[in-house]
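Visitor: I'm new to this structure and would rather see one part properly than skim everything. Please pick a single region and take me through it slowly, explaining the terms as you go.

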Amino acid sequence: MIALVALIGSILWGAIIFAILYFRQTPEAKVRKRIMIMIENAEKERARLNRTRRVRNLDEKPDIISRRSFYIRIVKPFLEGLESFLLSFTPHAIIGMLENKIFRAGKQNIWTVQRLAAFWVLSVVFFTFVGFFVAHRTNYFYTQQFLIIVAAGIFGAFFPFLMLNRQIKNRQKLLRRQLPEFLDLLCVSVQAGLSFDGAVAKITGRMKGELSEEFQHMQDDIRFGMVKAYALNQMAKRCDIEEIYLFTTSVIQAEKLGTSMSQTLETQAENIRERRRQYIRAEALKAPVKMIFPMVMFIFPSIFIVLLMPSMLTMMKNFDIMNQ
């Protein structure tokens with residue numbers, strides 16, 4: 001009975017979430033859906049052509065099958081088929097959200113939307129079964145067990161997004177930390193006579209980190225034919241922090257209006273440095289509030305033990321003497 005109620009509740013919960021996500025799709029999400037379908041069809045056609053070529057090559061060289069590793073022959077096709085099967089259960093709105101998160105995390109060349117979408121489905125199924133197992137082991141009422149299962153499924157649905165948001169926040173912290181130093185070097189290089197692109201190329205060749213990789217990505221986009229203003233805007237969207245939005249906007253305006261690039265960079269470097277100081281002051285002001293919990297839980301009990309324990313032992317000893 002419990003299993004039937006849990007199954008029906010999970011199906012209803014999944015249908016409600018799917019309906020909400022489907023009807024809240026924006027026109028941009030619908031366009032992205034069409035583009036994804038076109039990309040999938042193109043990938044299938046490319047895979048079919050590669051398979052045909054591979055069969056021809058194998059007919060010419062039959063020893064290649066024995067040379068291929070077990071992972072390429074067995075494991076990799078199984079994983080790809082599992083990803084495709086799980087991807088069919090993922091709403092396109094979830095795929096669009098994952099694509100946006102991957103873009104902001106700067107991992108579009110490392111992580112794939114298909115793999116993360118499959119991970120989202122597995123997360124929902126896994127945590128739902130965990131909730132069912134926990135609810136089955138308890139002696140709660142049917143409604144309480146049902147709520148436990150639903151809560152576990154909701155947590156499984158949000159778990160991949162929590163991981164991605166944590167990755168994005170950590171990356172944004174690194175970008176904020178590296179930006180003042182990068183802009184100082186950029187300002188000095190431009191004032192020394194280099195162009196903006198030449199200064200960026202010189203700094204990215206010697207400086208390592210997330211921000212250097214983003215500027216190098218921006219230069220690669222320009223080298224492949226992308227307009228410089230659009231490449232800067234795309235870099236700002238990938239970083240998604242206010243300081244880089246201000247920097248890219250000022251650089252684009254300086255190039256359009258023909259103003260001095262060195263003066264613009266100097267102003268931006270001073271502004272970013274001052275914003276960094278304000279951010280550090282704000283974090284320092286939060287420190288006393290964050291220290292309250294460890295002080296109450298760990299420091300105060302130790303102080304009370306050190307100060308009051310001798311007095312308590314003395315009082316207990318005196319009471320024993322008086323009782324005798």
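Guide: Let's start with the whole chain: of the contacts between residues at least 6 apart in sequence, 65% join residues at least 24 apart, a contact being heavy atoms within 4.5 Å. Residues are numbered from 1 along each chain as its sequence is written, and side-chain values use heavy atoms, with hydrogens and water left out. Keep in mind that this is a predicted model, where local features need pLDDT of at least 70 and side-chain atom pairs count only at pLDDT 80 or more, while totals for chains, interfaces and linings use all residues.

The protein has 12 helices and zero strands. Both kinds of element are DSSP runs numbered from the N terminus: H or I over at least four residues for a helix, E over at least two for a strand. Of the 324 residues, 29% count as buried. Buried means under 20% relative accessible area, exposed means over 50%, and partly exposed is what falls in between, using a 1.4 Å probe and protein chains only.

The part I'd pick is the largest nonpolar core, which has 30 residues. A core here is a set of buried Ala, Val, Leu, Ile, Met, Phe, Trp, Tyr and Cys residues joined through side-chain atoms within 4.5 Å. Leu-186, Phe-196, Phe-215, Ile-244, Phe-247 and Leu-265 have the most contacts inside this core. At least two core residues come from each of helices H7 (142–191), H8 (196–206), H9 (210–223), H10 (228–239), H11 and H12 (261–323). H7 gives the most, with seven. Another core, of 13 residues, lies apart from this one and includes Ile-102, Val-124, Ala-157 and Leu-164. As a general note, nonpolar side chains in soluble globular proteins tend to be buried together.

Now zoom in on Ile-244. Leaving aside residues up to four places away in sequence, Ile-244 touches Leu-179, Leu-211, Met-235, Ala-236 and Cys-239. Next door in the sequence is Glu-243, in helix H11 (residues 242–257). Glu-243 has a relative accessible area of 12%, so this residue is buried too. With the same four-place limit, its partners are Arg-176, Leu-179, Ile-272 and Arg-275.

How do H7 and H11 sit against each other? Their axes come within 10 Å and cross at roughly 25°. The axes are lines fitted to C-alpha atoms, for helices over the stretch in contact, with angles running from 0 to 180 degrees between N-to-C directions. H7 and H11 are therefore roughly parallel, because angles under 35 degrees get that label; over 145 is roughly antiparallel, 65 to 115 roughly perpendicular, and the rest oblique. On the H7 side, Arg-176, Leu-179, Leu-183 and Leu-186 meet Glu-243, Ile-244 and Phe-247 of H11.

H9 and H10 make another pair, packing at about 150° with their axes 9 Å apart. That makes H9 and H10 roughly antiparallel. H9 passes H10 in a right-handed crossing; right-handed means the near helix is turned clockwise from the far one by less than a right angle, left-handed anticlockwise. H9 brings Glu-214, Phe-215, His-217, Met-218, Asp-221 and Ile-222 to the contact, and H10 brings Lys-228, Ala-231, Leu-232, Met-235, Arg-238 and Cys-239.

You've now met Cys-239 twice, as a partner of Ile-244 and in the H9–H10 contact. Cys-239 is buried, at a relative accessible area of 0%, and Cys-187 is buried at 7%. A disulfide is counted when two cysteine sulfur atoms lie within 2.5 Å, and by that rule there are zero.

Right after Cys-239 comes Asp-240, in the loop between H10 and H11. Its phi is near 60°, a positive value in a residue other than glycine. At 25% relative accessibility, Asp-240 counts as partly exposed.

One last stop is Arg-171, in H7. Its relative accessible area is 3%, so Arg-171 counts as buried. Beyond residues up to four places away, Arg-171 touches Arg-104, Ala-105, Gly-106, Glu-210, Glu-214, Arg-238 and Cys-239. Gly-106 is 65 residues from Arg-171 in sequence, yet the two are 8.5 Å apart, C-alpha to C-alpha.
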